[in-house]
Amino acid sequence: MSNGLSLFHRKFFRKIMFKDFLQFEAALENRKQNRTLRTLETRKDGVDFYSNDYLGFARNNEFQNLLLKTVQENPRLLTGSTGSRLISGNTETVTKTENFIAKVHQYESALLFPSGYNANLALFSALPGRHDTIIIDEKIHRSIHDACKMSNCRKLKFKHNDCDHLESILKRQKGKIYIAIESLYSMDGDIAPLPEIAELAERYNAGLIVDEAHAFGVFRYGFVDQLELQRKVLATVVTYGKALGTHGAAILTNNLMKHYLVNFSSPFIYTTSSHDFLWMSIFKGYHFFNENRKLSTQLFENIKIFRNQNIKTPSHENSPIQAIMIPDNEQLRRLKNTLSDNGFLAYAIFSPTVKEGTERLRICLHSFNKTEEIIGLTKVIKDFT
Ligand SMILES: Cc1ncc(COP(=O)(O)O)c(C=O)c1O
């Protein structure tokens, strides 16, 4: 006997482990064969055309110093919250930040999370019940698919940004219905017909939920706010790890929904709340954002410079995400490597992250990209395609 296990049990477990490893190895080998294996690469030096730091806040010294000063004045912000929000983790900082966020977004309530993935998991796993239906745009973010599995709800898909198809599905439904969309799509860089979808949701009495992960901070506080659709959108998710240069996310909704999530949403309840530094950096981030509107102007100027180079793309003309469709995996890989050899960091998206045949180069534009960098990038792309 060793480790409390008999020889029989050790042999037994080794056999089980061995079988399981074979299955994992086969799955990885399969990815390797398809040339779709994912690996972790340490961030390289180069011109950033791949991060979601659209306004350069994450690299902004002024913002960093503001946060540094804040923690120097109150080092307790840096250490752990000590418990779930429902036990010891509900601090004055998180409550103050939520109240502030709800007010600026003109919603009754806000509920904070350590990431957008967590916020979506919390929202979509708790709201639709097993007898409810959720109709999602076919290009919706993975976090929402994962949450739907947790909720066991009935999930239907409508064609990307296609209101007629959405309506044809809505017409056939009974019972409680939810609709889930993104406002600015993360992989295609195109924009949802939000007013039309909000109108459909209202007409068919469906709860509309909008993920504004990529729109928040680029299009002010997001499209729901810009179009004043708060009363027609049951819940909006904004994230802070992209344009705000910090981390975390908020669900914006009414008091009843917040109260319901606090009571019934497992990803909210059964976890230690984040340290106060996160909530404080979000609070400071909103103020920094409002004091630095010139960075948004610079971002839109850079998007215009990129668009003026006449690269073929399905993305919206004002989107910081510009997709270049290259459905040939090998060609895409070569382009990505050529860009990297020229000092440009861009992200190639292979299936299964996107559907097979829709692989693409995803260019993210930023306020800090220089004109010559954008022109240099597009020259390499043009020479290649
Ligand atoms: C549309 C969308 N929703 C949610 C998320 C998750 O947000 P986070 O990165 O803060 O977890 C992402 C992140 O890529 C996203 O693109």
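**Exercise 1. Which residues does I363 touch, not counting residues up to four places away in sequence?**

Solution.
Step 1. Note first that the model is predicted.
Step 2. Place the residue. I363 sits in strand β12, residues 360-364.
Step 3. List its contacts. I363 touches F49, F306, P320, I321, Q322, I324, A346, L377 and I381, with residues up to four places away in sequence left out.
Step 4. Pick F49 from that list and check the chain. I363 and F49 are 314 residues apart along the chain, yet 5.5 Å separates their C-alpha atoms.
Step 5. Decide on burial. The relative accessible area of I363 is 0%, and buried means under 20%, so I363 is buried.

**Exercise 2. Find the largest nonpolar core and the residues with the most contacts inside it.**

Solution.
Step 1. Give the size. The largest nonpolar core has 83 residues.
Step 2. Name the residues with the most contacts inside this core. They are I101, I179, I181, L208, Y240, L361 and I363.
Step 3. Find the main contributor. Helix α11, residues 276-291, supplies the largest share of this core, with eight residues.
Step 4. Set the other core apart. A second, separate core has 28 residues, including A119, L123, A126 and C148.
Step 5. Return to L208, one of the residues named for the 83-residue core. Beyond four places in sequence, L208 touches I179, I181, L194, I197, A198, A201, K232, V233, L234 and A235.

**Exercise 3. Describe the shell around the ligand and its polar contacts.**

Solution.
Step 1. List the shell. The residues around the ligand are S115, G116, Y117, N120, H141, E182, S186, D211, A213, H214 and K242.
Step 2. Sort the shell by class. Two of its residues are nonpolar, six are polar and three are charged.
Step 3. Find the main contributor. Helix α4, residues 116-126, gives the largest share of the shell, three residues.
Step 4. Check the backbone contacts. A polar backbone atom of G116 is 2.8 Å from an oxygen atom of the ligand. For Y117, a backbone N or O atom lies 2.9 Å from a ligand oxygen atom.
Step 5. Check a side chain. A polar side-chain atom of D211 lies 2.6 Å from a nitrogen atom of the ligand.
Step 6. Turn to area. Taken alone, the ligand exposes 390 Å², and the protein buries 81% of that.

**Exercise 4. Is D190 buried or exposed, and which side chain does D190 join in a polar contact of 2.7 Å?**

Solution.
Step 1. Locate D190. This residue lies in the loop between β5 (177-182) and α7 (194-203).
Step 2. Apply the cut-off. Buried means under 20% relative accessible area. D190 has 14%, so D190 counts as buried.
Step 3. List its contacts. Leaving aside neighbours within four places in sequence, D190 is in contact with H160, N161, S183, L184, Y185, P314 and H316.
Step 4. Find the polar partner. The side chains of D190 and H160 are joined by a polar contact of 2.7 Å.
Step 5. Look further along the chain. D190 and E317 are 127 residues apart in sequence, with 8.6 Å between their C-alpha atoms.

**Exercise 5. Work out why the phi angles of N161 and N310 deserve a note.**

Solution.
Step 1. Recall the general rule. Most residues other than glycine have a negative phi.
Step 2. Take N161. Its phi is positive, about 60°, although N161 is not a glycine. N161 is found in the loop between β4 (154-158) and α6 (163-171).
Step 3. Take N310. Its phi is positive too, about 55°, and N310 is not a glycine. N310 is found in the loop between α12 (293-307) and β9 (321-325).
Step 4. Add exposure. N310 has a relative accessible area of 67% and is exposed.

**Exercise 6. Set T378 and N263 side by side.**

Solution.
Step 1. Place both. T378 is in helix α14, residues 371-384. N263 is in helix α9, residues 255-264.
Step 2. Judge burial. T378 is buried, at 1% relative accessible area, whereas N263 is partly exposed, at 45%.
Step 3. Trace the contacts of T378. Beyond four places in sequence, T378 touches F306, Q309 and I311.
Step 4. Follow the side chain of N263. This side chain reaches the backbone oxygen of H259 at 2.9 Å.
Step 5. Check a distant residue. N263 and L86 are 177 residues apart along the chain, and their C-alpha atoms are separated by 9.2 Å.

Definitions and conventions:
Residues numbered from 1 in each chain as written. Predicted model: local features only at pLDDT ≥ 70, side-chain atom pairs only at ≥ 80, totals over all residues. Heavy atoms only, no water. Core = buried A, V, L, I, M, F, W, Y, C linked by side-chain atoms within 4.5 Å. Buried < 20%, exposed > 50% of the residue type's maximum accessible area, 1.4 Å probe, protein only. Helix = DSSP H or I, 4+ residues; strand = E, 2+ residues; numbered from the N terminus. Contact = heavy atoms within 4.5 Å. Near = heavy atom within 4 Å. Polar contact = N/O pair within 3.5 Å; in protein donor to acceptor, adjacent residues only side chain to side chain. Areas by Shrake-Rupley, 256 points an atom, 1.4 Å probe, with all protein chains shown as cover. Nonpolar A, V, L, I, M, F, W, Y, C, P; charged D, E, K, R; others polar.
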